[in-house]
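Trainee: I would like to go through this structure with you, and to ask at each step how a label is earned.

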Amino acid sequence: MTAGGGPRFIGRPWARVDGPGKTTGEARYADDLVLPRMLYGKLLRSHLPHARIVRLDTSRARALPGVHAVITGRDLPVRFGIMPTSQDEEALCLEKVRYVGDPIAAVAALDEETAERACEAIEVEYEPLAPVMSIEEAVAETSVRVQEHGDGPVPNVHKNVSLEFGDVAQGFAQADHIREDVFFFQGNTHLPMEQHSAVAQYDAAGRLTLWTSSQTPHYVHRALAKVLGLPMSRIRVIATPVGGGFGGKSDPFSHELCAAKLAVATGRPVKITLTREEVFYAHRGRHPVLMWLRTGVRRDGRITACHIKTFLDGGAYGSYGIATTYYTGALQTVTYKIPAYKFEGTRLWTNKPPCGPKRGHGTPQPRFAIEAQMDKLAEDLGLDPVAIRLANATEPFTRTVNHLRITSNGLRECIERVAEASGFRAKHRRLPFGRGVGLAVSTYLSGAGLPIYWNDMPHSEVQIRVDRGGGVLVSCGAIDIGQGSDSVLAGIVAEVLGLAPSEIGLVTADTDLTPIDLGSYSSRVTFMAGNAALEAARKMRELLVAAASAHLEVEPDGLVVGDHRIHAAAQPERGVTFPEAAALAEARFGTLVTVGSYRPPRLAGPYKGSGVGPSPAYSFSAAVVEVAVDPATGEVRPQRVWIAHDIGRAINETLVIGQIEGSVYMALGEALMEEQVFRKGLHKIPSMLEYKSPTFLEMPPVETILVVTDDPEGPFGAKEAGQGPLLPVIPAVANAVYDAVGVRIDEVPITPDKVLAALDQAARGGVGRVGPRRVPPFRFRDPIKVEPPAGWSVPWRRGLPVAGGAPGLPDDLPTGTAPSDARPRDREAPEEP
Amino acid sequence: MKVALTLRINGEARDVIAPVHKTLLEVLREDLGLTGTKHGCELGECGTCTVLVDGTPVLSCLTLPVEVQDREITTIEGLARGGELHPLQVAFTELGAAQCGYCTPGMLLAAKALLDRNPAPAREDVSAWLAGNLCRCTGYLKILEAVELAAARARGDAPQPTGDGGPPAARVPQRSGGAS
Ligand code: FES
Ligand code: FES
């Protein structure tokens, strides 16, 4: 059997399946839910960054008419956290608050106003403690402790990592030229348009249901079971359509646990929706990272060794921070052949809202550093920025010095095509003063290779049921956060069954009704849920074809599935409609249900910490940004962005381009204006007006080039699009500013005051640079020394024929569920996440 | 203090009794069940809560119902007419101008007000008109394209969509431009 006439949807543009609901107001987000007898909840939060709770008296609040319950830390004493090794959060603080916004008590009342008044009526007496507010303070502080757990050598170190791959000293000895640079990437936040919201219901039979705007309903499910002391089998978590996540709705949150506890306490449904100010404090956004980077190169630009130190300002709790720390060191080697590489990283505790994953998770900061430094190295050597990147670019089907496996790799093509489209070579160093172009490249995971908690089960599962009327229902735990996971599931199943995506029914992200998907994080859903859907859909197609074959008396190989029919390839009129095929198959096989699941190959290297970085496939991107810089005001205005992205193959071209444009937008915001900054523990600008983000007026035109490489393990060859394209844009802006006005802003965001300061410095004969000068003295661990994999830079296989963007699919559609020679033999997983 | 009001919403008269200080946003969502209107800040900063009052975009989070008693209010639920989607709704779906969809109701209503005033807006006009509506997902470009496509279709300058949402429908250009 074959698909008739090439793909109808895959690789092309088509309308997303959730469009009608989202354009009519029909889509129901968490805060839209109203249940009978529902109460409204509010959290009382600390107004101090660091303090001991001496007295907490809720009696006045309880006595207010309309108040149904008040809970405190004593009611929810079990600690939780997204990472198994960082179980340091309390739904409500018991003894101590660690940042402004740390929740202390929760109230359920008849309406929001009463709940607010009840919060005000709670009496709290604090003993203020000295706060630790910055990387420098955290490294220097010897007595004040923000958290109880840590990794030394001083009290406020959450994680301390040191890894060395190959012989770094020898690598530097072989260099013709060495540079050391220091960079700072300020923290910023996701700013989803939807405020977090959760509704909990505890029914008379003792079952708890939570509707929540979450990217990770499965992890919320686990946290609820742990903190509430209920078996997972008595809890149902339903993720509602998420009104923007970007990583900010990936942790289990206090308001989710409190809504659930209040529902249990009152026997009535409880809704808690955060205010915009609370969303700023809930955060879990981009870590501020201070970086020191030393790179050695030969005269021709080839890197001989690289050594990076990163200092992450983690905030007050662990969140994903251990993974983030490793991510600041993991992926540099995936774009560039680095034969000797040392990574030292530390995450520090401070009395600020916890940082976590934001689009690119821990990799945009070091990517900014390495791409800015590549530009400086090129200039030092008299090379152009394109040449130095091509001289170091990794190849398809190779390994990296830190044991990451690269499969398809379109990096070279991305660089060449983006340079070509933008006219980079003709513009670089040739535009008039005030105009400039910058280039940068990047890579990102198509899903984390390891789950957050260690287990052997699939990361994604899909079930398909076909009913006797020809209806198709796809069930999967994946949650659409706007990235289009519903459309990916529907598109893949529709393609295989010869239907249209809009005809596929979907049940998603409901722990009672859907098999698992670990969540919409690490750009994993298209690759992993997509592969699971592909497997389930192919099994279903086999059943339908077998039944049609018997009925039509045509061998299965002679049948074509396509456009709502199954028919003989040789005689198109000899066939059955899809509903007829479904009825025949049900008569023959009984209930028509098929399943598919996906577990990534075991890719972690033979060292502690190797669990962060492996992915079944990497996307690659290259971007050129052209800017105009006003030397009088320091204002940087992006004029146009060209971006080439190695997508493997687009499942839906419309959605892929949408993800790329959204990534470019978010990157420009981070590069030029967005910062999450504090004064005495208070957020300086916790409002959408003052926290500057780009509007329509700041958004430049974007030219997107999709590079097709057909990854052998991706569903239909697909890789990720949601995060990778953000990464190159930020350093490309920095490099463009240098090209425009000759000053280096080694600090993000590149605000007008920094540009003016650097220009002023240059005018007075200085170097014309704004950025940190040094990193604080800090004792990293003795490095774990790791031998690079043998023959790591030599390709072990040639890629599948690259389809070059042609709409035809290869005959044997690549799939991650079929065994592939690209997989190394299984290895034991390391203990790190 | 509560007041009794009659609001004209999407062509229907609706009676409400609500505290005077309750915003139009709250009355729409909580008293009238019109949850299609969204909120991102409730402080007049994001544009998400935009509705039309006599065809003009207003921020419902800053509007008191008493102020709009005798006016015609349009919410996202009233954009489609008799089950037929507005050309903007069709174009937004087709071109992926709604990702998470949360800014979309406000964006669509603001865009409708523009097209009602100017059936052939230049890209800069669309950007300037919609500048008060934030979107964190799309980078705005697909929204601009969708507004232009809907406007072109309404003028008869672009082909109508083809039905199943599939490939023969609007071809998304690989080059897309924003305000420059
Ligand atoms: S909710 Fe943000 S402007 Fe009204
Ligand atoms: S589509 Fe998500 S905020 Fe606009």
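**Labels and their grounds**

Mentor: Let us begin inside chain B, where the interface of domain 1 of chain B and domain 2 of chain B has five residue pairs in polar contact, both residues being at pLDDT 80 or more; a polar contact is a pair of N or O atoms within 3.5 Å, where within protein one must be able to donate a hydrogen and the other to accept it, and residues adjacent in sequence count only if both atoms are side-chain atoms. This is a predicted model, in which local features need pLDDT of at least 70 and side-chain atom pairs count only at pLDDT 80 or more, while totals for chains, interfaces and linings use all residues. Residues are numbered from 1 along each chain as its sequence is written, chains are lettered from A and ligands numbered from 1 in the order in which they are written, and side-chain values use heavy atoms, with hydrogens and water left out.

Trainee: How do you know what confidence the predictor has in chain B?

Mentor: The pLDDT, which is the predictor's confidence in each residue from 0 to 100, averages 91 over chain B, and 90% of the residues score at least 70. Residues 167-180 of chain B, however, have a pLDDT below 50, and this stretch makes 52 contacts in the model beyond near neighbours in sequence, a contact being heavy atoms within 4.5 Å. For the model, the scores are ipTM 0.94 and pTM 0.95.

Trainee: What makes domain 1 and domain 2 of chain B two domains?

Mentor: The bounds come from an automatic or database domain assignment, which divides chain B into domain 1 (2-78) and domain 2 (87-155). Their C-alpha centres lie 21 Å apart, and the contact takes 16 residues from domain 1 of chain B and 15 residues from domain 2 of chain B.

Trainee: What area is buried between domain 1 and domain 2 of chain B?

Mentor: Buried area is the accessible area (1.4 Å probe) that two parts lose on being put together, summed over both, and for these domains it is about 1200 Å², with carbon and sulfur atoms giving 63%. On the side of domain 1 of chain B, Thr50(B), Leu52(B) and Ile76(B) lose the most area to domain 2 of chain B, together 36% of what that side buries.

Trainee: How many salt bridges does the rule find across the interface of chain A and chain B?

Mentor: The rule finds five salt bridges there, whereas it finds zero across the interface of domain 1 of chain B and domain 2 of chain B.

Trainee: Why is the pair of Asp31(A) and Arg29(B) called a salt bridge?

Mentor: The term asks for a side-chain nitrogen of Lys or Arg within 4 Å of a carboxyl oxygen of Asp or Glu, and the closest N and O atoms of Asp31(A) and Arg29(B) are 3.0 Å apart, so the pair meets the rule. Side chains of opposite charge can pair when their charged atoms come close.

Trainee: What else is known about the contact of chain A and chain B?

Mentor: The contact takes 61 residues from chain A and 60 residues from chain B, and the two chains bury about 5100 Å² between them, 57% of it on carbon and sulfur atoms. Thr23(A), Met193(A) and Phe696(A) supply 18% of the area that chain A buries against chain B, more than any other three residues.
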